[in-house]
Amino acid sequence: MANNSKVTAEEALAYHLEPKPGKYDIVASKPMMTQRDLSLAYSPGVAVPCEEIAKNPELAYDYTTKGNMVAVISNGTAVLGLGNLGALASKPVMEGKAVLFKRFADVNSIDLELDTEDCDAFINAVKLMGPSFGGINLEDIKAPECFIIEQRLKEEMDIPVFHDDQHGTAVICAAGLLNALQISGKKIEDCKIVLNGAGAAGIACIELLKSMGAKHENCIVCDTKGVIYQGRTEGMNQWKSAHAIKTELRTLEEAMEGADVFLGVSAKGAVTPAMVAAMGKDPVIFAMANPDPEITPEEAHAVREDAIVATGRSDYPNQVNNVLGFPYLFRGALDINARAINDEMKIACAQALAELAREDVPDEVAMAYGRKLTFGRDYIIPTPFDPRLIYLIPPAVAKAGMDTGVARRPIIDMEGYAEGLKARLDPTASILRGINARAKQAQARMIFAEGDDPRVLRAAVAYQRQGLGKAVVVGREADVAEKLTAAGLGDAVNELEVVNAANTPHLRQYKSYLYKRLQRQGFDRGDVHKLAARDRHVFAALMLQHGHGDGLVSGATRKSAQVMDLINHVMDVDAESGAVGVTALLHNGRVVLVSDTLVHEWPDENDLANIATAGAKVARALGLEPRVAFVSFSTFGYPVSERAEKMHLAPDVLDARGVDFEYEGEMTVDVALNVTAQESYPFQRLTGPANVLVVPARHSASISVKLMQEMAGATVIGPILTGVDHPVQICSIGSTVNDILNMAILAANKVG
């Protein structure tokens, strides 16, 4: 399987730089607006919990963030596969780990980079910070120091200390191996297991497998100097010595003869096809070296069709990905206020992951990977985006912690706990993941109309490199090449298809169509030639109209009203034709659609009913069950105002039409969005907070959206153009590369 998610150095740097440096912010979880708020948050109110915690330290888990706070700590001596880059250079990785904790398990996390390679200094620093955190995630520390540091911190601290480079890899490896052995009909205690790579991850993998039943004498560990055997002195340390066996084998090639399992955490090309051919029946090969495995799945399967292969890469089946483990291990450990993460908890995590891979896979997960996922040789490990991970893995970890006595606060109601975990999922992430998955499946040929803008070009490159489909740019070849090169994307020049009036064979056809459409609207053939041959928006719309593309994105360089007028020369995108603009606001785990934000200036009650129907359609396309509210400054007739009359009448229009979605109004925004406020109106028909707001006019829609964006920091997607015969999406002038890409994804999804 080819890697269609290429990331360039320039894209990576831009991601970390824009719109502001770094990958996370710290946001207050309590009100901080009034003097009373400040008095409670700090002096004098803060003194009360301080005194209570001094009397009973366990209360820190009640009155502070300690119980949901993990420190990600490194000294940068083994950063990814890049080596010893130092503490400061490791910070982007540690920030990334912190946001993964939040994204996948709602664990608050902060990164700490310690500028020392002295074990004692490192240990002392972490130990002194212990009261601040509920757990410590060690990261990117070279061996053998990582063993020393973790062991001593475990002994000296009373919170979980977990070196993910060791144990995260080991847990996911164990989960996959459990399923691979089930498929091959083998038992772990009978297997000959060969490990190549005796560093942090390798040692942790073999130790965990031994604790799960693998026999010491059946496990052969190799490093760069060959087999680790009893009596070897070269390149040895106490951690390697613990896994030395009595054997005459001396090389990896010799060890692989008849092996059932190969585990690789070493280097590209360490395993040859001949070694794989020499393995036992149904060999299990976990080639986990990154970015390039010890042997590729293609190479392994070329000599052994019966091989079950896993790698560390996302572009092959069976990815050994640590994000399947550490967020959920810590989630379960934190929720019982655990003193440690022990082997039993790691094994419980591995077993729960293995069991999940055997379950039926939700359609949205399979769609994200472009293929049907069913338990078997190419699916032995769950995918990182399986929504069930959050509520299946932490309970298993928590139960193991309680059973082994490391829990300070055992969970009594495990079913209630699992339900609570489901609520931690961010629906906005699910929506964005869903539309990305559907776009990948659609593989739409997307027309980017403004090929003279670097943002548009970068979005087009991203669209194609992320495997979403084919990007077609309207522009001049030389200009596109120059701008891509200036943006650091010179290697993408030959990837994009660049189209313009000078190089298309369809210009005559386009002009003929346009003349027939416009000849009775005051346009002569000269006007039509200028529009078709010189205006990129019209040319791009003509391409789409004639089936020379599957979707169109425009608007990044001109005002949306102007772009709408130009595209309307080619196809009907006006209010009279049923076009509606719907903007999605994503904020604090909530999704609210506001409409009409693009087309209707001052709609009447019939227009409002049409807008409501269009908004409901977009909501369903995004995976939401629509609840529509007609919002105003009045609620159900009070205060009385002529301006609110149409909002009062619009629900009656929907009543007459018999639509199949919830709607209510007129009502103020707080009543629409707040369930408590809705209780004051027991007759109202919404079963929960509205997720589609129909506003009185385009100007009020624009004000609402921009206010949420600027004051609350809401993520804005749209306006999403709906009610048009072809997938057309119009960006705003201030769009970022990511905004333009999102609009392309919406067009590919045919949202609207």
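These legends go with four close-up views of a predicted model.

**View 1. Six strands side by side in an open sheet.**
Reading across this sheet, the strands come in the order 7-6-5-8-9-10, and their pairing is mixed. At the edges you will find strand 7 (226–227) and strand 10 (308–311). Each has a single partner strand, so one side of each is left without a neighbour in the sheet. If you would like to zoom in on one pairing, try strand 9 (residues 284–287) with strand 10: the two run parallel and are joined by 4 bridges. A handy landmark here is Ala 287, which stands opposite Thr 311 in strand 10.

**View 2. Helices 8 and 9 against the six-stranded sheet.**
Start with helix 8 (residues 164–184), which lies across strand 8 (261–264), strand 9 and strand 10. Relative to strand 9, helix 8 runs at about 160°. Helix 9 (residues 200–211) also packs on the sheet, where it touches strand 5 (193–196), strand 6 (219–223) and strand 8. The direction of helix 9 makes about 160° with that of strand 5.

**View 3. An open sheet of 4 strands with parallel pairing.**
Here the strand order is 2-1-3-4. Strand 2 (108–113) and strand 4 (161–163) are the edge strands, and each pairs on one side only. On average, neighbouring strands of this sheet are turned by 25° against each other, direction ignored. Strands of a sheet pair through backbone hydrogen bonds. Look next at strand 3 (residues 135–138), which pairs with strand 4 in the parallel sense over 3 bridges. Within this pairing, Leu 138 has His 163 of strand 4 as its bridge partner. Helix 7 (residues 145–156) lies across strand 3 and strand 4, and its course is at about 165° to strand 4.

**View 4. The second largest pocket and its lining.**
This pocket holds about 540 Å³ of space. It is lined by 27 residues, and the closest to its centre are Val 631, Val 669, Leu 693, Val 695 and Ser 704. By character, the lining residues of the second largest pocket divide into 20 nonpolar, 5 polar and 2 charged. Strand 15 (580–587), strand 16 (590–595), helix 28 (669–673) and helix 30 (698–712) each supply at least two residues of this lining. Helix 30 gives the largest share, with 7 residues.

Key: Residues are numbered from 1 along each chain as its sequence is written. This is a predicted model: local features need pLDDT of at least 70, side-chain atom pairs count only at pLDDT 80 or more; totals for chains, interfaces and linings use all residues. Side-chain values use heavy atoms; hydrogens and water are left out. On a 1 Å grid over the protein atoms alone, a cavity is a set of points where a 1.4 Å probe fits but cannot get out, and a pocket is an open set with protein on both sides within 12 Å along at least five of seven lines; lining residues have an atom within 4 Å of a point. Grid points are joined across faces, edges and corners, and a volume is the space filled by probe spheres set on the points. Ala, Val, Leu, Ile, Met, Phe, Trp, Tyr, Cys and Pro count as nonpolar, Asp, Glu, Lys and Arg as charged, and the others, Gly among them, as polar. Two strands pair if DSSP finds at least two bridges between them. Contact means heavy atoms within 4.5 Å. Axes are lines fitted to C-alpha atoms, for helices over the stretch in contact, and angles run from 0 to 180 degrees between N-to-C directions.
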